[in-house]
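Colleague: I would like a close look at a single part of this model, please. Pick one helix and its surroundings, and walk me through what packs around it.

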Amino acid sequence: MDAFDLFRKLGAGAKFDFKRFGKDAERFKVVRSQEKDVSDHYGIDFFGTGVTHGNKEQRAVEKQEEEGEVDAVAGKRKLQDEEKTAKKKKKATQAEVACEENEGILWTSSADRKSKGLKEGRDRDKTSMKRLQHLHQEKVNRVRTQNRINVHGCDVPDPVCTFSELQSEYNLNPRVLQNLSAAGLTIPTPIQMQAIPLMMHGRELLACAPTGSGKTLAFCLPLLTHLKQPANLGIRALVISPTRELASQTHRELVRLSEGVGFRVHILDKASMAARKHATSSNNKSGTKTIFKSSVKCT
Ligand SMILES: Nc1ncnc2c1ncn2[C@@H]1O[C@H](COP(=O)(O)OP(=O)(O)OP(=O)(O)O)[C@@H](O)[C@H]1O
């Protein structure tokens, strides 16, 4: 039995952990046999000879044990790796959840949610308002097209489709409205549809419409609305007509509309006579409510 065999027997079963004692193995030049025939050159070449000897069966058994151990170690390492991976995944998932939770906190913050909700509500309102305005404008355009109303100018008010609208929108005297319906006038003519709202707003207007289309009523109604109630303030309105016929037509219309309201409506043929009449009526009849209508001859 030589020294190698003796040492091998003494060290039988002993394992050298290369991983753990790698530095020591390096220092003592302990190397694993790299020979092709592993069965003949078992395990560790403790003396750096490159060849170890021993019982083949024992070596096979030991090899199996070592392989088994290696497998076990590999399995263990694999398990550890898997555990690590699982832990990493878990951490990542937790981070994601935390992130989502953070986002959730942003959402669930009452002040933010309130402001965000308000903003969204405002945006929604704006959109619906725009849509409503668009629909309204389409309707207005349709009414104008159907009645062949052409308008020029900025910020033109919407046309009215019934006389009763004037009461709700422009405070037309209910008695005047009653007089209108008593005269059988319920639906305004096209010129009245657009001219009345314009004059109710106090806008200056130059209107053009065919004869007999209701132009007189179109300016008489707003005139009476602006005067509101009879008042002791002298002449409060003056209508200048190019012919006497037109002046009497306007007079008739105003008398009809203002019936029961209390306005005094007069027709003047000549400027001088009008001045005299007005002076007399102003001096003698204090408290008289008068609307003068002057007929101007173009000769
Ligand atoms: N909305 C209406 N519905 C029915 N009839 C109306 C309406 N408006 C006015 N009229 C009637 O139409 C007739 C003609 O009206 P008006 O004299 O005001 O027209 P005009 O356009 O002023 O005519 P001209 O160009 O001759 O001055 C009158 O008898 C009036 O009562």
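Modeller: Let's take helix H7, where the cover over the buried residues includes H5 and H8. This is a predicted model, in which local features need pLDDT of at least 70 and side-chain atom pairs count only at pLDDT 80 or more, while totals for chains, interfaces and linings use all residues. Residues are numbered from 1 along each chain as its sequence is written.

A few terms will help on the way. Helices (H or I, at least four residues) and strands (E, at least two) are DSSP runs, numbered from the N terminus. A residue is called buried if 20 or more other C-beta atoms lie within 10 Å of its own, exposed if 12 or fewer, and partly exposed in between, with C-beta atoms placed from the backbone. Two residues are in contact if their C-beta atoms, again placed from the backbone, lie within 7 Å.

Now to the helix itself. H7 is largely enclosed by the rest of the structure, because 9 of its 11 residues are buried. These are Pro190, Ile191, Gln192, Met193, Gln194, Ala195, Ile196, Pro197 and Met199. For the whole protein chain of 299 residues, 15% count as buried. Following H7 comes glycine 202, with a positive phi near 75°.

Ile196 is a good residue to click on. Apart from its neighbours within four places in sequence, isoleucine 196 has contacts with Val160, Leu166, Pro188, Ala218, Leu221 and Pro222. Of these, Ala218, Leu221 and Pro222 are among the buried residues of H8. Ile196 also belongs to the largest nonpolar core, a set of 20 residues in which Ile196, Cys220, Leu221 and Leu257 have the most contacts. The elements giving two or more residues to this core are H6, H7, H8 and H9. (A nonpolar core is a set of buried Ala, Val, Leu, Ile, Met, Phe, Trp, Tyr and Cys residues joined through C-beta atoms within 7 Å.)

From the other side of that packing, H8 has its own list of buried residues: Lys215, Thr216, Leu217, Ala218, Cys220, Leu221, Pro222 and Leu224. They pack against H6, helix H7 (190–200) and H9. H8 holds 13 residues and spans 19 Å from its first C-alpha to its last, close to the 18 Å expected at 1.5 Å a residue; that expected span is 1.5 Å times one less than the number of residues. Just past the end of H8, lysine 228 has a positive phi of about 60°.

H8 also leads us to the ligand. The ligand is surrounded by 13 residues, the closest being Thr211, Ser213, Gly214, Lys215 and Thr216; here, near means a C-beta atom, placed from the backbone, within 6 Å of the molecule. H8 (residues 215–227) gives the most to this shell, with 3 residues. The shell is made up of 4 nonpolar, 8 polar and 1 charged residues, where Ala, Val, Leu, Ile, Met, Phe, Trp, Tyr, Cys and Pro count as nonpolar, Asp, Glu, Lys and Arg as charged, and the others, Gly among them, as polar.

Back on the approach to H7, threonine 186 lies in the loop between H6 and H7. With 10 other C-beta atoms within 10 Å, threonine 186 is exposed. Its C-alpha is 6.5 Å from that of threonine 162, although the two are 24 residues apart along the chain. Leaving out neighbours within four places in sequence, threonine 186 has contacts with Thr162, Phe163 and Ser181.

Further back, asparagine 171 sits in the loop between H5 and helix H6 (174–182). Asparagine 171 is exposed, with 11 other C-beta atoms within 10 Å, and has a positive phi of about 55° although it is not a glycine.

Lastly, the record. UniProt, in an unreviewed entry, places the feature "short sequence motif: Q motif" at residues 165–193, and its annotation "domain: DEAD-box RNA helicase Q" covers residues 165–193 too. UniProt positions are given in the numbering used here, feature names are shortened, and annotations may be inferred rather than shown by experiment. In the model, residues 165–193 are 66% helix and 0% strand, with end C-alpha atoms 10 Å apart.
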